[in-house]
Amino acid sequence: METHVATALAWKHRVRLACGPVYFERQVLRQCFKHAVNNLLGREVLTVAELDAIAAALAARCPRRVRGEPGLKTVAWHDDLEGDFATQVIHNALAKHGYTMTHFREAERDPALLPVQTSGRFLVRIVYGARDTSGAWATHVIALDADRGLLLDSQSENYLPLTSSNFKRKTAPNASFPGTRVAAVYRVAATAHRTDSSGGRARRRRHRRRRGHAASNGELVSPLPQQPPLAVDAFVAAS
């Protein structure tokens with residue numbers, strides 16, 4: 001009985017699927033960082049044009065160096081023309097829109113802490129242990145919304161419940177990429193002026209939402225049916 005109650009409570013508090021449709025951008029080229037941010041925030045906050053402009057400004061000020069073949073080569077602040085934007089580009093863009101992006105060091109040391117979070121919004125950078133054509137490590141970024149209990153991966157067809165098993169499938173080593181690991185975890189939060197609903201910025205945001213601003217490749221995905229888990233996660237069984 002105690003295990004059954006613990007399982008029900010865990011499902012209620014950790015896998016809280018959204019009541020309505022969920023904004024979801026699917027993968028285009030290598031724009032996973034942009035997709036992860038927009039999926040996490042529930043609308044098209046970042047655009048390719050804006051990120052390109054920030055990348056160009058950063059590159060002009062201090063060109064980024066990555067290890068390539070042969071030796072070191074200088075590239076812009078995104079690795080290629082397919083939208084593989086660097087972390088600093090995303091950080092600067094979020095700051096312009098009133099969000100902070102900070103390292104979640106505890107989860108970087110122990111990624112298993114992420115799927116059991118009960119609140120917060122996170123970006124997770126995954127390294128696959130293989131190099132791409134530029135010589136940089138092949139990476140991917142997914143989003144975790146603990147407030148709604150969602151795992152948002154632009155390479156998937158739909159969003160998923162945020163469970164330990166789903167998170168492990170996305171981040172654990174596998175036969176194709178045995179070197180897969182979580183390389184960085186970032187917590188995304190609104191700055192003080194965004195949380196003040198009485199201010200002009202909040203009123204303008206509500207007006208834009210009422211006008212139905214839509215992303216070029218984003219869509220509203222119908223909610224998944226809420227069903228009980230097939231198996232009890234290890235942390236629930238341990239409790």
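Which residues of the largest nonpolar core touch the most other members? The legends below begin with that core, and they all refer to a predicted model.

**View 1. The largest nonpolar core and the elements that supply it.** The largest nonpolar core holds 31 residues, among which Phe33, Val37, Val89, Ile90, Leu94 and Leu123 touch the most other members. At least two residues of this core are supplied by each of the helices H2 (32–41), H3 (48–61) and H4 (87–96), and likewise by each of the strands S1 (22–25), S4 (99–103), S6 (137–145), S7 (150–152) and S9 (181–190). Helix H2 provides the largest share of the core, namely six residues. Separate from this core is a second one of 15 residues, which includes Ala107, Tyr128, Ala146 and Phe167.

**View 2. The surroundings of leucine 123.** When residues up to four places away in sequence are not counted, leucine 123 touches Phe33, Ala36, Val37 and Leu40, together with Met101, Val141, Ile142 and Ala143, and also Ala184, Val185, Tyr186 and Val188. Two of these partners, Phe33 and Val37, are named with Leu123 among the core residues that touch the most other members.

**View 3. The crossing of helices H2 and H4.** The axes of H2 and H4 come within 10 Å and cross at roughly 30°, and the crossing is right-handed. Phe33, Lys34, Val37 and Leu41 make the contact on the side of H2, while Thr87, Ile90 and Leu94 make it on the side of H4. By character, the residues of this contact divide into five nonpolar, one polar and one charged.

**View 4. The salt bridge between lysine 34 and glutamate 25.** Seven salt bridges are found in a search of the whole structure, and in one of them the closest N and O atoms of lysine 34 and glutamate 25 are 3.2 Å apart. Lysine 34 has a relative accessible area of 2% and is therefore buried, and glutamate 25, with a relative accessible area of 0%, is buried as well. Lysine 34 also takes part in the contact of H2 with H4.

**View 5. The salt bridge between glutamate 157 and arginine 26.** The side chains of glutamate 157 and arginine 26 meet in a salt bridge, with an N to O distance of 3.9 Å. Because glutamate 157 lies in the loop between S7 and strand S8 (160–161), whereas arginine 26 lies in the loop between S1 and H2, the pair ties together parts that are 131 residues apart in sequence. Glutamate 157 is exposed, with a relative accessible area of 62%, while arginine 26, with a relative accessible area of 24%, is partly exposed.

**View 6. The salt bridge between glutamate 50 and lysine 96.** Glutamate 50 and lysine 96 form a salt bridge in which the closest N and O atoms are 3.7 Å apart. Since glutamate 50 lies in helix H3 and lysine 96 in helix H4, this pair ties together parts that are 46 residues apart in sequence. Glutamate 50 counts as buried at 16% relative accessibility, whereas lysine 96, at 60% relative accessibility, counts as exposed.

**View 7. Phenylalanine 85 in the loop before H4.** Phenylalanine 85 lies in the loop between strand S3 (72–75) and H4, where the residue is buried, with a relative accessible area of 2%. The C-alpha atoms of phenylalanine 85 and aspartate 52 are separated by 8.4 Å, although the two residues are 33 residues apart along the chain.

Note on methods
Residues numbered from 1 in each chain as written. Predicted model: local features only at pLDDT ≥ 70, side-chain atom pairs only at ≥ 80, totals over all residues. Heavy atoms only, no water. Core = buried A, V, L, I, M, F, W, Y, C linked by side-chain atoms within 4.5 Å. Buried < 20%, exposed > 50% of the residue type's maximum accessible area, 1.4 Å probe, protein only. Helix = DSSP H or I, 4+ residues; strand = E, 2+ residues; numbered from the N terminus. Contact = heavy atoms within 4.5 Å. Axes fitted to C-alpha atoms, helices over the stretch in contact; angles between N-to-C directions. Left-handed = near helix turned anticlockwise from the far one by under 90°. Nonpolar A, V, L, I, M, F, W, Y, C, P; charged D, E, K, R; others polar. Salt bridge = Lys/Arg side-chain N within 4 Å of Asp/Glu carboxyl O.
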